[in-house]
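Let's take a walk through a protein model together, one piece at a time. Have the sequence and the 3D view ready, and follow along at your own pace.

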Amino acid sequence: MSGNIDILHEQGRGKSFSDEIRILCGVNISTCLQCRTCASVCPFYEAMGHAPHTLFRKIQYGLRQDVLTSSAIWICVGCNTCASQCPAGIDIVAVMDVLRQLALETNMPIPEEDILNFHREVLHSIERYGRTHKLEIMLRYKIKSGHLLADLDTGMIMLAKRKLDLRPSRVHAVNEIKRLFKKTWQET
Ligand code: SF4
Ligand code: SF4
């Protein structure tokens, strides 16, 4: 882990759960209006069990274990739909990132089987191409998880509707992205 993150963790020690999150990612969740816009726009709301506003309320109550062991923080795909609509301008994705990071660092049980492999495949795809190649992510994830035939019908429908690109597309500065990842992997 990088020195800067270590310093941030040191600053957060002994603080309330909300303050710890504010220190780690700069987001003040006390500005949440509990308007539930995030819940209404999240494409994964039903699967998550808790929408961001519920997690934020639990964080304010200091329910650390409850939040860090929730499925919601792992099912969130960081699509930013919620944050783009949030009237309080809360960077919800940054909070989710910090919650996953805290869950891993404190060895919290991960309720979703294989979900860590899925997140790793997403990161590796960004490392390779600078953006995600969904078809490859799904295939690699399924091979690793051993559930090759699960959701096959959904995958075929997505292919037929051209929702999945057969070939990956790369950003121009892909080598810079690879260098950033290399540096990050070395520091973690
Ligand atoms: S949309 Fe923003 S302000 Fe509204 S409940 Fe969600 S996080 Fe809170
Ligand atoms: S970033 Fe996560 S919580 Fe927000 S809309 Fe996307 S999946 Fe839902």
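**A guided walk through the model**

In helix α2, the buried residues are Phe17, Glu20, Ile21 and Leu24. Here a residue is buried if 20 or more other C-beta atoms lie within 10 Å of its own, exposed if 12 or fewer, and partly exposed in between, with C-beta atoms placed from the backbone. Helices (H or I, at least four residues) and strands (E, at least two) are DSSP runs, numbered from the N terminus. The four buried residues of α2 lie on the same side of the helix, because they cover an arc of only 95° around its axis. That arc is taken over the directions from the helix axis to the C-beta atoms. An α-helix has 3.6 residues a turn, so residues three or four places apart point the same way. Just after α2, Gly26 has a positive phi of about 75°.

A word on what you are looking at: this is a predicted model, in which local features need pLDDT of at least 70, side-chain atom pairs count only at pLDDT 80 or more, and totals for chains, interfaces and linings use all residues. Residues are numbered from 1 along each chain as its sequence is written, while chains are lettered from A and ligands numbered from 1 in the order in which they are written.

Now step back to see the overall layout. The protein chain is divided into domain 1 (3-105) and domain 2 (115-187), with bounds that come from an automatic or database domain assignment. The C-alpha centres of domain 1 and domain 2 lie 24 Å apart.

Let's move on to helix α5. Its buried residues are Pro52, His53, Leu55, Phe56 and Ile59. These residues share one side of α5, because the arc they cover around the axis is only 160°. Which helices help to cover them? The cover includes α2, α3, α6, α7, α8 and α9. After α5 comes Gly62, with a positive phi near 75°.

Next comes the nonpolar core. In soluble globular proteins, nonpolar side chains tend to be buried together. The largest nonpolar core in this model has 31 residues, and those with the most contacts inside it are Ile21, Ile29, Ile92, Val95 and Leu99. Such a core is a set of buried Ala, Val, Leu, Ile, Met, Phe, Trp, Tyr and Cys residues joined through C-beta atoms within 7 Å. Two or more residues of this core come from each of α2, α5, α6, α7, α8 and α9. The helix that gives the most is α9, with seven residues.

Two residues let you look at this region in detail. Leaving aside neighbours within four places in sequence, Leu99 is in contact (C-beta atoms, placed from the backbone, within 7 Å) with Val67, Leu68 and Ile73. Ile73 lies in helix α7. Is Ile73 buried or exposed? Ile73 counts as buried because 27 C-beta neighbours lie inside 10 Å. With the same neighbours in sequence left aside, Ile73 is in contact with Met96, Leu99, Arg100 and Ala103. The C-alpha atoms of Ile73 and Met48 are 7.7 Å apart, although 25 residues separate the two along the chain.

The ligands come next. Of the 15 residues around ligand 1 (C-beta atom, placed from the backbone, within 6 Å), Cys32, Cys35, Cys38, His53 and Cys86 come nearest. Both α3 (37-41) and α5 (52-60) give two or more residues to this shell, and α5 supplies the largest share, three residues. Around ligand 2 there are 13 residues, the closest being Cys42, Cys76, Cys79, Thr81 and Cys82. Here α8 (81-85) and α9 (92-105) each supply at least two residues, and the largest share, three residues, comes from α9.

Finally, visit some exposed spots. Asn80 sits in the loop between α7 and α8. Asn80 is exposed, because it has 12 other C-beta atoms within 10 Å. Its phi is near 75°, a positive value in a residue other than glycine. Asn107, in the loop between α9 and α10 (115-129), has a positive phi too, near 55°. Asn107 is exposed, with 8 other C-beta atoms within 10 Å. Helix α12 (residues 152-160) is hardly covered, with zero buried residues among its nine. Just after α12, Arg162 takes a positive phi of about 60°.

Terms used: Contact = placed C-beta atoms within 7 Å.
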